[in-house]
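I wanted to look up how the strands pair and how the helices lie against each other. My entries follow in the order in which I checked things.

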Amino acid sequence: MTVQTRGDMSRREKLVGRLKGRPKDFTWEELVRLLRDVGYSEAQAGKTGGSRRRFIHDTAPVIALHKPHPGNIVKMYVIDEVLRVLSEEKLI
């Protein structure tokens, strides 16, 4: 387990606040960073993984998402689903 510094917590709190605001410009990179910050890791996909990504947590449910393409802006239904899971699991 890594020790989080004050800067890490501030960055995480900003991302959580941004996600809760349901912005129309939340990026895939921001989402991945936030999921990692709350204990998720991306499952390694096989050669045919495509745009489907799975995020695994030790105690919380798996989160399966489509990586946006051709852009990198996350769809609102994805934000809503991630918010639901993270809130229910009390990770945010």
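I count a polar contact as a pair of N or O atoms within 3.5 Å, and within protein one must be able to donate a hydrogen and the other to accept it. I note before going on that this is a predicted model.

Entry 1, R53. I looked up this residue and found R53 in strand β2. Its side chain makes a polar contact with the side chain of E42, at 3.2 Å. Leaving out residues up to four places away in sequence, I list W28, E42, I63, A64, L65 and K67 as the residues that R53 touches.

Entry 2, the faces of β2. Which side chains of β2 are buried? I find that R53 and F55 point to one face and are buried, while R52, R54 and I56 point to the other face and are not. The strand covers residues 52–56, and its side chains alternate along it. I recall that in a regular strand the side chains alternate between the two faces of the sheet.

Entry 3, strand pairing. I looked up the sheet next and found three strands in the order β1-β2-β3, forming an open sheet with antiparallel pairing. The edge strands are β1 and β3, each of which pairs on one side only. Strand β1 (residues 41–42) is joined to β2 by two bridges. On that side I56 of β2 is the bridge partner of S41, and F55 of β2 stands opposite E42. Between β2 and β3 (residues 63–66) I find four bridges, again with the strands antiparallel. Here R52 has H66 of β3 as its bridge partner. The connection from β2 to β3 is a hairpin through six residues.

Entry 4, helix on sheet. What does α2 touch in the sheet? I find that α2 packs on the sheet and touches β1, β2 and β3. The direction of α2 makes about 170° with that of β3.

Entry 5, helix on helix. I compared the axes of α2 (residues 28–37) and α3 (residues 76–88): they come within 12 Å and cross at roughly 10°. Angles under 35 degrees count as roughly parallel, so I log α2 as roughly parallel to α3. From α2 the contact uses L31, L34 and L35, and from α3 it uses V78, V82 and L86. I sorted the contact by class and got six nonpolar residues, with no polar and no charged ones.

Note on methods
Residues numbered from 1 in each chain as written. Predicted model: local features only at pLDDT ≥ 70, side-chain atom pairs only at ≥ 80, totals over all residues. Heavy atoms only, no water. Axes fitted to C-alpha atoms, helices over the stretch in contact; angles between N-to-C directions. Parallel < 35°, antiparallel > 145°, perpendicular 65-115°, else oblique. Contact = heavy atoms within 4.5 Å. Nonpolar A, V, L, I, M, F, W, Y, C, P; charged D, E, K, R; others polar. Buried < 20%, exposed > 50% of the residue type's maximum accessible area, 1.4 Å probe, protein only. Pairing = 2+ DSSP bridges.
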